[in-house]
Amino acid sequence: MSSTVKGLIAGIAALVVLGGGILAMKLTEPKPETQDTESSATEETAPEVYRFDYNNIKTFEVTNENGGYTLKRTYRAATEEEQSKFEVEGLENIKLDDTIMADFGPNAAVLTASMLIEENCSDLSRFGLDKPKAQAVITLDGDDAQTITLLLGNDTPAGDIYVCLKGTDTVYSAPSSFIKTYLYEKEYFISKEILEEPDDENYPVVQKLTIERSDLDYDIVLEYVGENQSGGTVSTHMMTSPVNAYLNVSSSVDYTHGLFGLNASSVLSVSPSEEELAFSGLNEPACVVTMVLEDGKEYVLNIGKQYSGGSDDTSSAGYIGYFEGTDILWHFSEDAVPWVNMKPEDAMSSLVFGSYIYDLKSLDIESESGNAKFSFSGTSADTYSVMLNGKDFDFDRYKAFYQALINAPAEEICLTDEGIGKKLASFEVKYNNGNPDELIEFYEADNKRVIIKKNGITSFKCRMAFVEKALLPNIANIEGESDFVTNW
């Protein structure tokens with residue numbers, strides 16, 4: 001168990017420090033209690049502290065207050081075109097960040113100082129180098145065979161770090177851009193990419209995505225239904241729980257495919273214990289996202305407690321998560337895990353009638369404004385014909401009516417019949433494309449709202465204004481000549 005989590009369980013105040021050194025790091029040590037040492041430094045360009053061939057690095061051992069890390073060379077480059085390879089001790093079976101690992105050797109092999117601060121320094125404590133924050137022991141072989149130890153002291157007023165080689169009395173200031181990594185934990189090297197995003201040519205079909213939430217009485221389930229739904233105006237997926245609903249093309253993809261390319265903000269713990277998982281809320285997750293692909297592969301993300309960066313670090317806000325198969329406790333930003341706070345309406349299309357016009361076989365309407373029985377033949381503009389109550393009917397007139405009808409808005413989900421009143425209109429739809437028949441009904445409800453049922457299941461609500469100003473007048477106007485109401 002990480003020392004940070006031990007401290008939390010013992011009663012340390014907030015989840016903000018769960019990340020240990022990586023997230024809690026503050027390079028803000030007090031200035032040394034001395035005169036302005038940098039003003040007395042040489043104005044000439046400071047020399048290199050060291051330089052050697054990074055392929056000659058055999059081991060790199062860092063110790064610091066966060067535990068440090070050790071890199072060991074696993075392959076020594078044989079040519080200049082190649083690059084030696086390293087592994088991080090204790091992370092041999094964990095995916096590492098390729099960029100960090102590729103850059104580490106070349107960066108560690110050269111240290112050019114910003115300034116030479118003081119030669120023949122008799123009191124290293126002035127720079128925090130008597131009790132360094134970190135030390136890096138570099139063991140080399142080949143032409144550079146030796147062992148050197150770099151000490152890291154306090155921050156300089158300019159934002160650099162005071163450094164010196166162990167056993168010497170020359171103090172430098174060095175840019176913090178790379179050597180600040182000597183203050184980190186080994187988890188720094190772990191890749192934050194949870195699940196790789198496939199390329200467009202090999203993108204798999206997400207067959208089903210299930211979102212289980214402790215704050216909801218139902219699961220949110222999104223399932224693949226295929227291409228060409230409603231002429232391409234809705235997603236290839238549909239919501240099947242808590243209601244059957246079409247999905248919005250643009251907004252639903254973050255939910256249906258959001259696990260692909262998912263990145264964590266940081267690593268909190270490797271191989272977390274049961275105690276850590278329980279403390280993080282992952283023994284009873286607040287949210288579980290399960291993605292099943294067409295080939296049967298399953299991916300599961302468990303999301304636990306909210307992670308707060310504290311009042312002075314809002315950028316760290318997010319959630320603690322555990323992606324099954326990685327054995328790592330992750331910190332995710334809130335934006336990275338949209339399933340935690342999503343409402344079904346966030347992914348839904350507003351369409352109640354979502355079928356393409358040529359997919360209908362028949363449409364029977366009953367309402368307070370009158371009844372109508374449409375029947376259709378053909379499957380394209382060239383072959384499609386319309387009959388109303390057994391007589392030929394103008395296709396363009398029907399098309400205009402149907403385009404007005406599909407403006408019926410699913411404005412919010414509704415799972416209860418509380419306040420339901422009389423039926424205002426019903427639409428029995430039969431399809432020629434193999435889809436199951438549908439019965440869509442509109443009922444009066446409280447507060448100037450209308451309850452919409454699909455196949456007898458209470459599903460949505462919309463405003464009464466739509467029914468009174470558009471739906472019922474348009475039904476009454478089917479055989480008329482005036483335009484149908486589309487703006488209400």
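This is a short talk about the cavities, salt bridges, cysteines and two buried residues of one structure.

Hi everyone, and thanks for coming. Before anything else, please keep in mind that we are looking at a predicted model.

Let me start with empty space inside the protein. Rolling a probe the size of a water molecule over the atoms shows where empty space is left. How many cavities of 30 Å³ or more are there? The count comes to two. The largest cavity holds about 50 Å³ of space, and the second largest about 30 Å³.

What lines the largest cavity? If you want to select the residues on your screen, take Val352, Phe353, Gly354, Ser355 and Leu360, then Tyr402, Val429, Tyr431, Glu438 and Ile440. Two strands, β25 (423-431) and β26 (438-444), are the elements that give two or more residues to this lining. Sorted by class, the lining has seven nonpolar residues, two polar ones and one charged one. Glu438 belongs to that lining, and glutamate counts as charged.

Now the second largest cavity. Its lining is made of Phe401, Ala404, Leu405, Phe466, Leu471, Asn474 and Ile475. Here the contributing elements are helices: α8 (395-405) and α9 (464-476) each supply at least two of the lining residues. Which of the elements gives the most? That is α9, with four residues. In terms of class, we have six nonpolar residues, one polar residue and no charged residues around this cavity.

While we are in this part of the chain, let me stop at serine 426. Serine 426 sits in strand β25, one of the strands I just mentioned for the largest cavity. Is serine 426 buried or exposed? Its relative accessibility is 7%, so serine 426 counts as buried. Leaving aside residues up to four places away in sequence, serine 426 touches two runs of the chain: Asp364, Ile365 and Glu366, and then Leu439, Ile440 and Glu441. Ile440 is a name you have heard already, as part of the lining of the largest cavity.

A second residue to look at is valine 386, in strand β22, which covers residues 385-388. With a relative accessible area of 3%, valine 386 is buried too. Its contacts, again without residues up to four places away in sequence, are Phe374, Ser375, Phe376, Lys391, Asp392, Phe393, Phe395 and Tyr398. If you like C-alpha distances, here is one: valine 386 and serine 362 are 24 residues apart along the chain, and their C-alpha atoms are separated by 9.3 Å.

On to charges. How many salt bridges does the structure hold? There are 18, and I picked a few to show you. Arginine 76 and aspartate 141 meet through their side chains at 4.0 Å, N to O. Arginine 76 lies in the loop between β3 (69-75) and β4 (85-88), and aspartate 141 in the loop between β7 (134-140) and β8 (146-155), so this pair ties together parts that are 65 residues apart in sequence. Arginine 76 has a relative accessibility of 36% and therefore counts as partly exposed.

Another pair is glutamate 187 with lysine 186, at 3.9 Å, N to O. The partners fall into separate accessibility classes here: glutamate 187 is buried at 11%, whereas lysine 186 is partly exposed at 26%. The cut-off for buried is under 20%.

Then we have aspartate 346 and lysine 343, with their closest N and O atoms 3.8 Å apart. In this pair, aspartate 346 is partly exposed at 28%, and lysine 343 is partly exposed at 47%. And for those who like clusters, Glu411, Glu412, Arg449 and Arg463 are linked in a network of salt bridges.

Last topic: the cysteines. How many disulfides does the structure hold? Zero. Take cysteine 164, which is in no disulfide: the nearest cysteine sulfur is that of cysteine 121, and it is 8.1 Å away. A disulfide would need the two sulfur atoms within 2.5 Å. Cysteine 164 has 0% relative accessibility, so it counts as buried. Cysteine 287 is also buried, with 0% relative accessibility.

That is my tour. Happy to go back to any of these places on the screen.

Notes
Residues numbered from 1 in each chain as written. Predicted model: local features only at pLDDT ≥ 70, side-chain atom pairs only at ≥ 80, totals over all residues. Heavy atoms only, no water. 1 Å grid on protein atoms, 1.4 Å probe; cavity = no way out; pocket = protein on both sides within 12 Å on 5 of 7 lines; lining within 4 Å. Points joined across faces, edges and corners; volume = space filled by probe spheres on them. Buried < 20%, exposed > 50% of the residue type's maximum accessible area, 1.4 Å probe, protein only. Contact = heavy atoms within 4.5 Å.
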